[in-house]
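Q: I would like a close look at a single part of this model, followed by a careful account of what surrounds that part.

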Amino acid sequence: APTSLTNVVFYTIPPSLRVAPVAGETDAELLARLDLDELAKVGPAVKSQMQRQGQALITYQPVKSFPNCWRMVFAGAKEDAMTTATVDDILSSMRGLTEDIFG
């Protein structure tokens with residue numbers, strides 16, 4: 001069977017950096033209104049804390065003109081090994097650390 005793969009790219013944006021969306025605005029337009037220099041600091045700080053706590057190892061990287069967005073690759077993940085609950089736990093942890101570190 002061919003290898004299945006899902007590549008997910010996203011941000012965790014702390015409340016202190018969030019801006020209100022404008023009707024009809026694209027995600028790229030909203031991101032362009034954020035303080036990208038501050039947003040670039042989120043990935044390294046959260047990843048470092050997750051590693052210290054022995055949590056999931058996840059990477060970040062720039063995408064186009066946007067700095068340090070999260071990248072999760074689900075390659076051939078079996079349902080029993082990678083469940084929706086597992087992904088929810090990882091994302092919840094990332095969100096909590098982001099808010100703890102950056103407010």
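Leaving aside its neighbours within four places in sequence, which residues is threonine 98 in contact with?

A: In this predicted model, threonine 98, leaving aside its neighbours within four places in sequence, is in contact with Thr12, Ile13, Pro14, Val42, Val46 and Gly103. Threonine 98 is found in helix H3, and its relative accessibility of 2% falls under the 20% limit, so the residue counts as buried. One of the contacts also has a polar component, since the side chain of threonine 98 makes a polar contact with the side chain of threonine 12, at 3.1 Å.

The helix that carries threonine 98 can be placed against the sheet. Helix H3, which covers residues 84-102, lies across S1 and S3 and runs at about 160 degrees to S3. Helix H2, covering residues 36-52, lies across S2 and S3 instead, and its direction is at about 40 degrees to S3. Strand S3 therefore appears in both descriptions, with H2 lying across it and H3 lying across it.

The sheet itself is open and is formed by 3 strands in the order S1-S3-S2, with antiparallel pairing. Strand S1 (5-10) and strand S2 (59-63) are at the edges, and because each has a single partner strand, one side of each is left without a neighbour in the sheet. From one strand to the next the twist averages 40 degrees. Between S1 and strand S3 (residues 66-75), which run antiparallel, there are 6 bridges; in this pairing valine 9 has arginine 71 of S3 as its bridge partner, and phenylalanine 10 stands opposite tryptophan 70 in S3. Between S2 and S3, also running antiparallel, there are 4 bridges, and here the bridge partner of valine 63 in S3 is phenylalanine 66.

The hairpin of S2 and S3 has 2 residues between the strands, and within that hairpin lysine 64 takes a positive phi near 55 degrees, although lysine 64 is not a glycine. Lysine 64 lies in the loop between S2 and S3 and, with a relative accessibility of 82%, counts as exposed. A positive phi is also found at asparagine 68, another residue other than glycine, where the value is near 40 degrees; asparagine 68, however, lies in strand S3 and counts as buried, at 16% relative accessibility.

Burial extends through much of that strand: 7 of the 10 residues of S3 are buried, so the strand is largely enclosed by the rest of the structure. Methionine 72 has its place in strand S3 and, at 9% relative accessibility, counts as buried. Leaving aside its neighbours within four places in sequence, methionine 72 is in contact with Thr6, Asn7, Val8, Phe10, Ile58, Ile90 and Leu91. Between methionine 72 and valine 87, which are 15 residues apart in sequence, the C-alpha to C-alpha separation is 9.9 Å.

Returning to helix H3, the residue that follows in the account is charged. Glutamate 99 is partly exposed, with a relative accessible area of 28%, whereas threonine 98 is buried at 2% relative accessibility. Side chains of opposite charge can pair when their charged atoms come close. Glutamate 99 forms a salt bridge with arginine 18, with the closest N and O atoms 3.7 Å apart. This pair links distant parts of the chain, because glutamate 99 is in helix H3 while arginine 18 is in the loop between S1 and helix H1 (27-32), 81 residues apart. Arginine 18 counts as partly exposed, at 45% relative accessibility.

The side chain of glutamate 99 also meets that of arginine 95 in a salt bridge, at 3.2 Å from N to O. Arginine 95 and glutamate 99 are 4 residues apart in helix H3, and so are separated by about one helical turn; arginine 95 counts as exposed, at 51% relative accessibility. Salt bridges that share partners join Arg18, Arg95 and Glu99 into one network.

Over the whole structure a search finds 4 salt bridges, including one within helix H2, formed by glutamate 38 and lysine 41 with their closest N and O atoms 2.8 Å apart. These two residues both lie in helix H2, 3 residues apart, which is about one turn of the helix. Glutamate 38 counts as partly exposed at 28% relative accessibility, and lysine 41 is likewise partly exposed, with a relative accessible area of 44%.

Technical notes:
Residues numbered from 1 in each chain as written. Predicted model: local features only at pLDDT ≥ 70, side-chain atom pairs only at ≥ 80, totals over all residues. Heavy atoms only, no water. Pairing = 2+ DSSP bridges. Axes fitted to C-alpha atoms, helices over the stretch in contact; angles between N-to-C directions. Contact = heavy atoms within 4.5 Å. Buried < 20%, exposed > 50% of the residue type's maximum accessible area, 1.4 Å probe, protein only. Polar contact = N/O pair within 3.5 Å; in protein donor to acceptor, adjacent residues only side chain to side chain.
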